[in-house]
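Got a minute to look over a fold together? Here's a quick briefing, starting with the whole chain and then zooming in on one pocket and one residue.

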Amino acid sequence: VCGEVREVADHVYDNACDKFCNICNAERTVEPHKYDNAFDAFCNICKAERTPPNTATRSFVDVPANAWYKYYVDYAVAYGLFSGTSDTTFSPNADMTRAQFVQVLANLSGAKLDNSKASGFSDAPAGKWFTGAVKWAVDNGIAKGIGKGMFNPTGKIDRQQMCMMLVNYAENCKKTTLKEKVAYKTFADDKEIAGWAKTAVI
């Protein structure tokens, strides 16, 4: 993808650009030596536990030490996928907005963003913290506006919107066709899934 071997702290695969495991020095292949984004705790070959770098972790007052999600919060923040909602809070139970979600995808991709340029949407003007991410997401076919020249950056993002953006991200940015892992089942609220999101959800 990036044409080079990137050295990342400790035992880490960052997105799709690393080719080698820093601990076991094994060349990366899709199977069996696989890190799927940021959520695998162990290397399938050398069985080494992966932890966020100590220098990059931050203590949030609303992320208890014994919380099931603490490892993932620490990892996501340490590697720049997420940031806190303040210097001391992460707001783990807060709803996510459309702007926040495209920002996370941009962070995951390593995109170089420019918030000084107009996004093309009246509600995402130049100078906002999310402007660059909104423009990047639209330019790369990951997200669309909601109509009338608006993106609705502060609106809550629902699960079907996430599915659509994740599929678009995989196909348009990573040039990857997602493989079916489980057979589709009809959900009790299947009729509530919008037609435009149906394919992405299933």
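Take the contacts between residues at least 6 apart in sequence: 50% of them join residues at least 24 apart. Keep in mind that this is a predicted model.

**The overall picture**
- The protein has 5 helices and 0 strands, so reading along the sequence gives you α-α-α-α-α.
- Of the 202 residues in the protein, 35% are buried.
- About 12600 Å² of the protein is exposed, with carbon and sulfur atoms supplying 52% of that.

**The second largest pocket**
- This pocket holds about 260 Å³ of space.
- Its lining is made up of R98, I142, A143, K144, G145, I146, N152, Q161, M164, M165, N168 and W196.
- Sorted by class, that's 6 nonpolar, 4 polar and 2 charged residues.
- Which helix gives the most to the lining? That would be α4 (residues 159-173), with 4 residues.

**Zooming in on I142**
- I142, one of the lining residues of the second largest pocket, sits in the loop between α3 (131-139) and α4.
- Is I142 buried or exposed? Its relative accessible area is 2%, and buried means under 20%, so I142 counts as buried.
- Setting aside neighbours within four places in sequence, I142 is in contact with L105, W136, A137, M165, N168, Y169, N172 and C173.
- Two of those partners, M165 and N168, also show up in the lining of the second largest pocket.
- I142 and N172 are 30 residues apart in sequence, yet their C-alpha atoms are 7.2 Å apart in space.

Note on methods: Residues are numbered from 1 along each chain as its sequence is written. This is a predicted model: local features need pLDDT of at least 70, side-chain atom pairs count only at pLDDT 80 or more; totals for chains, interfaces and linings use all residues. Side-chain values use heavy atoms; hydrogens and water are left out. On a 1 Å grid over the protein atoms alone, a cavity is a set of points where a 1.4 Å probe fits but cannot get out, and a pocket is an open set with protein on both sides within 12 Å along at least five of seven lines; lining residues have an atom within 4 Å of a point. Grid points are joined across faces, edges and corners, and a volume is the space filled by probe spheres set on the points. Helices (H or I, at least four residues) and strands (E, at least two) are DSSP runs, numbered from the N terminus. Ala, Val, Leu, Ile, Met, Phe, Trp, Tyr, Cys and Pro count as nonpolar, Asp, Glu, Lys and Arg as charged, and the others, Gly among them, as polar. Buried means under 20% relative accessible area, exposed over 50%, partly exposed in between (1.4 Å probe, protein chains only). Contact means heavy atoms within 4.5 Å. Accessible areas come from the Shrake-Rupley method with a 1.4 Å probe; for residues, only the protein chains shown count as cover.
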